[in-house]
Amino acid sequence: MTSELPGPLLVIEDLHVSVGDREILRGVDLTIQEGETHVLLGPNGGGKSTLLNTIVGMPGYRVTGGRILFKGVDLADLEIDERARMGIGIAFQRPPAVRGVRLRQMLEVAARGEVAEDAIARLDEELNLGHMLERDVNMGFSGGEAKRSEMAQLLAQMPDLALFDEPESGVDLDNIAVVGGAMNALLKGEARISERTRAGLIITHTGHILEFVNADVAHVLYSGRLACKGNPLDLIEEISSHGYDACVECKLCQTLS
Ligand SMILES: Nc1ncnc2c1ncn2[C@@H]1O[C@H](COP(=O)(O)OP(=O)(O)O)[C@@H](O)[C@H]1O
Ligand SMILES: [Mg+2]
């Protein structure tokens, strides 16, 4: 279905977003083509999570200007569940616990259309879910367990656009490898872009996750806009040695963006 898309998978144009009475995003432009994986960098509190939450349609994020097109459709009037059904999925940084719903039940709902039992068995193997399957979603899960549970839900959904909010935060090295491997499998990181069918947008602070996931391009969210664009590993290296302020001053970035 997505291979017949007339245009890019996601187009964000001059997006302005307020939370409460504060404007957080002040004119974000971003285009993601089918098959691409993008990385979002930027200082703490700069609005990275705000951008992802706005794309999925979380309540409280008010679009005051610009627009978001997904598969050519303006998302403005679509609720969060309609966006999910269209193929947008998110792995939250701090996934909420859901009392009374077992992880297995959540996965069955997310895997609609697929034989859920097979799908769940594969996810169990890939993400080592074990006893978590019969427990309430994220109730008392450790950091690594919560991330694996979140990743399992996203993989069961198989979204066309997968958003990841700091997938490595609060996770030990072994779990980063498991989570990163699952992300790369979903995004088909080893294949050429033209052979991939899904797209990704990954927020990362440390860049550790990029040891396991192939990304095509990175952006720096700074002062409410995407100020800079470049090769993910080059940008992360630049930022870790010189900081964000110096990075967005860089003439090369300005000519690229
Ligand atoms: N649901 C919310 N309620 C109140 N303030 C929020 C909410 N979400 C984000 N913000 C505020 O928006 C700003 C950007 O936050 P965030 O998008 O989480 O940044 P980042 O992910 O880049 O660290 C912060 O000042 C944060 O406090
Ligand atoms: Mg955040």
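Which residues are around ligand 1? I put this to the structure at the outset, keeping in mind that it is a predicted model.

**Ligand 1.** I listed the residues around ligand 1 as V19, G20, I24, G42, N44, G45, G46, G47, K48, S49, T50 and G60. When I sorted this shell by residue class, I counted two nonpolar residues, nine polar ones and one charged one. I then looked up which element gives the largest share of the shell, and found helix α1, residues 48-56, which supplies three residues.

**Nonpolar core.** I turned next to the largest nonpolar core, which has 68 residues, and noted that I202 and V220 are those with the most contacts inside it. The largest share of this core, six residues, comes from helix α6, which covers residues 173-187. I followed V220 further and, leaving aside residues up to four places away in sequence, found that V220 touches L41, G42, L226, A227, C228, L235, Y244, C247 and V248. One of these, G42, I had already entered among the residues around ligand 1.

**Helices α4 and α5.** I last looked at how helix α4, residues 116-127, packs with helix α5, residues 143-157, and recorded an angle of about 145 degrees with the axes 10 Å apart. The crossing in which α4 passes α5 is right-handed. On the α4 side I found A119, L123 and L127 making the contact, while α5 contributes R148, M151, A152, L155 and A156. By class, the residues of this contact come to seven nonpolar, no polar and one charged.

Key. Residues are numbered from 1 along each chain as its sequence is written. Chains are lettered from A and ligands numbered from 1 in the order in which they are written. This is a predicted model: local features need pLDDT of at least 70, side-chain atom pairs count only at pLDDT 80 or more; totals for chains, interfaces and linings use all residues. A nonpolar core is a set of buried Ala, Val, Leu, Ile, Met, Phe, Trp, Tyr and Cys residues joined through C-beta atoms within 7 Å. A residue is buried if 20 or more other C-beta atoms lie within 10 Å of its own, exposed if 12 or fewer, and partly exposed in between; C-beta atoms are placed from the backbone. Helices (H or I, at least four residues) and strands (E, at least two) are DSSP runs, numbered from the N terminus. Two residues are in contact if their C-beta atoms, placed from the backbone, lie within 7 Å. A residue is near a molecule or strand if its C-beta atom, placed from the backbone, lies within 6 Å of it. Ala, Val, Leu, Ile, Met, Phe, Trp, Tyr, Cys and Pro count as nonpolar, Asp, Glu, Lys and Arg as charged, and the others, Gly among them, as polar. Axes are lines fitted to C-alpha atoms, for helices over the stretch in contact, and angles run from 0 to 180 degrees between N-to-C directions. A crossing is left-handed if the near helix is turned anticlockwise from the far one by less than a right angle, and right-handed if clockwise.
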